[in-house]
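Hi everyone, thanks for making time for this. I'd like to walk you through one structure, and I'll put it on the screen now.

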Amino acid sequence: MKKNMFSISESIKTPAQMQPCTPELLNAALDSQQVANTCQEIAKKLAEVREGKLSREAFETMKSKLKADGLPVVCFHATFTDGYRHNQSAVPSGLSIYDVDHLQDSPRAYYYCKVSGREAELGISLAHISPSGEGIRLVFEVPQGMSLAEAQQWMAEQLGDDTYDGKVKDLARCSFVVSRDYVLYYDEEELFKEREVSMPLESSGTIETIRTMNSAPLLPPSTDDSAAFEDNFNGIDYEHIVRALEEQLGAAPAMGARNNFIFAMACNLRYVCNDDPRWIAKVLPRYGEEEAKFLSTVRSACNRPQNKAVPDLVNRALECARLRQQVDEAIKANGVYAPQPPQMPRRLTKFMRLITKNVPEHLRPAVAMGVFPALGAHCKGVKFRYNDNALVEPTFMNVLVAEMSSGKSCVNEPINAIMADIKEHDAKNRKLMQEYKEQYDTCPSDEQKPERPKGLAVQWVKSDMTPAAFVQLMADAGGKFLYTRMDEIGMLNQLKTNGRGNNVTEILRLAYDCGDYGQERVGTKSVSESVEVRWNWNASATPGKCRRFFADAMLDGTLSRISFSTIFTDDDRLPVYGNYDDKFKKEVQGHVASLNNAVGIVICKKANQLAAAMMEENRQYSTLADDDTYRELSYRATLSAFKRGMLLYLLNGQKWTREVEEFVRWSFHYDMWCKMWIFGEKMRRAMDLDKAVMLPGRRNLMEFLQDSFTLDDLNTVRRAQGMSGDGLPLVRKWLQRGYCTFDHVTQQYTKSQQFINKHPKGA
């Protein structure tokens, strides 16, 4: 045994005046008026930061100067044989400090939630708020056989902290003294008691413990050099099992909790790895740990006595892993929740290769999806037989959603090339219409005014038109499609009926279904027509504007009828386009001619077979993912993909090929990815609200929970009761009030006996 010694100095500016600390010296520093004044001044400056009167940078500068000028320092780690605060002469004290700064909650709340009542268990002898007022410092005894760094890791794990100050492994590290009112806990006898100091050696920055210095092999040798381990357990990949166990144990560890976390993981993996440390070492990640220490920890876990019965925690992890694997496989196939949209197929039809060849690769998906409204506008009287035996027409509405200056205009030239014949035809009819208007206006009497010409179809129309003009243009088109291209999605609102406030999305839904629309007027000069809406269009928007425009259309079917595309790239260089010359336009028009010549009902059995297969895949996926939003959107997204396939079928000389099928599948998944990215969360909230059951009042949430429960269980109950947000603040209150306890190993909460006695029925 040796007398515990740590050091104190009047100022951090005097590193050569470190002296052994006594209770008298420490208490005098805690009660110093200078220390109190300094702490008060720092607190005042912090208040100015929170009020916005002082910048964070200025506060940090002032705080450093105030601490250096007005606060003594204590080095709890060591005393120094020569009085200088440096590692060369440091004699370890057996104590360590644990710093947590910039807490989101108040330091007092952190202490009472995580530490209070556990001081003896954790070996804590002093706890106080840091001079900054934003952190907490704990002084504790280093567990036998641990270095300072290992002690920090251990304490972080005990407190469930993800981050901590890793600099405290330096024996010469000191901390500033605070005033007495900053002290949260102080056990003078424990702090100054005599203790045996057994610190591991440190060499070249690597801590060498006795067990890692053992010359015995870290893992037992294999009896079969050719032994190979399975990559799954009962069909469940070990990757999913490891991920599920991580979640059961509270997620992957921070640097300060790696060793104990690896030990716990290895103990649980013994049940699914034949109790073989070599097998465990193969499937278990290192989490940044040194290889020798990692293998030693695995070996220790396998040497530990263990029950033969598989723990509930492992069974839960296996069930979660099995479900996760099924969903991941579906996600891999569908790509809906991938971090980036599905990749466009490399193999394309001849037309798709032509129409996308003049844009950079990252813009090709936007062009490939954006040309279908213009292509569909070339079909008159063409219908496709869908799987429900309904006849559908090539109705397309596409919105390109991307950030500003991302290249949304990339679709313009390809559309111009496709619409060249319609634009030329429109120009002739517009000229005849203008001549009619001039002749009509110059006639002095109604009897002499000419009749409106028949068959003056104008297909490429502006968005700025009255409902009457919209109806008249569709009547003039005689069954042909109208087409509009808009630079901004908001331009659709120009079609609202007479400013009475009805939403334009009603017309959009009619346009997709070719529904009836019109108006009845008594005036002789008024338009009184009833038409089937055939109107394809393109628009573009930024993500925020798009969400705002459709904010009131989450559940009325509008979004499922529209196809969405985006521009995804990390390359911020100026895109370089190819030439859209006469040769290009002529080639495009050669393909478009097949759409102009198509008539009647077009049937392709392979297209219907693909649609049936996709619908079944979507049904299974939405069930596995338990995603009602995906299910609702997938119905019409499949229909739209079918229509795209039928147009490509016509453009390809009515030949169904592998390229057409791959494009149809991709276009569906791409459209769904964009919809879920833009609207997924908003639609989920809207659907939850729409399905919510109004209750007369809230009940005790613990009544819905088992005696042992997790944070996820609580969040599930909260959502079922119509609550939003995370339940962590609530469960912290429960812990503070003694309603439950928390197991840091299993990451489970357990109802306290106090709560069960008070609420026997609820329990």
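Let's begin with Met352. Setting aside neighbours up to four places off in sequence, Met352 is in contact with Ala368, Val371, Phe372, Leu648 and Phe663. Please keep in mind that this is a predicted model.

So where does Met352 belong? Met352 is one of the residues with the most contacts inside the largest nonpolar core, which has 111 residues. The others named alongside it are Leu375, Phe470, Trp535, Trp537, Phe550 and Phe564. And which element gives this core its largest share? That is helix α25, residues 658–691, with 14 residues. Apart from this core lies another one, of 36 residues, and among them are Val100, Cys174, Phe176 and Tyr182. As background, nonpolar side chains tend to be buried together in soluble globular proteins.

Now for a polar residue: is Arg509 buried or exposed? Arg509 is buried, because its relative accessible area is 18% and the cut-off for buried is under 20%. Arg509 sits in helix α19, which covers residues 505–513. Beyond four places in sequence, Arg509 touches Asp556, Gly557, Thr558 and Arg561. For Thr558, the C-alpha atoms are 5.8 Å apart, although the two residues are separated by 49 residues along the chain.

Next, a pair of chain neighbours, Gln747 and Gln748. Gln747 lies in the loop between β25 (740–743) and β26 (748–751), while Gln748 has its place in strand β26. Gln747 is partly exposed, at 24% relative accessibility, whereas Gln748 is buried, with a relative accessible area of 16%. What does Gln748 contact, leaving aside neighbours within four places in sequence? The list is Arg316, Ser708, Phe709, Thr710, Thr741, Phe742 and Asp743.

Backbone angles are my last topic. Most residues other than glycine have a negative phi. Gln747 is not a glycine, yet its phi is positive, at about 60°. Asn389 also has a positive phi, near 75°, and is a residue other than glycine. Where is Asn389? It lies in the loop between β15 (383–385) and β16 (391–392). Asn389 counts as exposed, because its relative accessible area is 54% and exposed means over 50%.

That's my tour. Thanks for listening, and I'm happy to go back to any part of it.

How values were computed: Residues are numbered from 1 along each chain as its sequence is written. This is a predicted model: local features need pLDDT of at least 70, side-chain atom pairs count only at pLDDT 80 or more; totals for chains, interfaces and linings use all residues. Side-chain values use heavy atoms; hydrogens and water are left out. Helices (H or I, at least four residues) and strands (E, at least two) are DSSP runs, numbered from the N terminus. Buried means under 20% relative accessible area, exposed over 50%, partly exposed in between (1.4 Å probe, protein chains only). Contact means heavy atoms within 4.5 Å. A nonpolar core is a set of buried Ala, Val, Leu, Ile, Met, Phe, Trp, Tyr and Cys residues joined through side-chain atoms within 4.5 Å.
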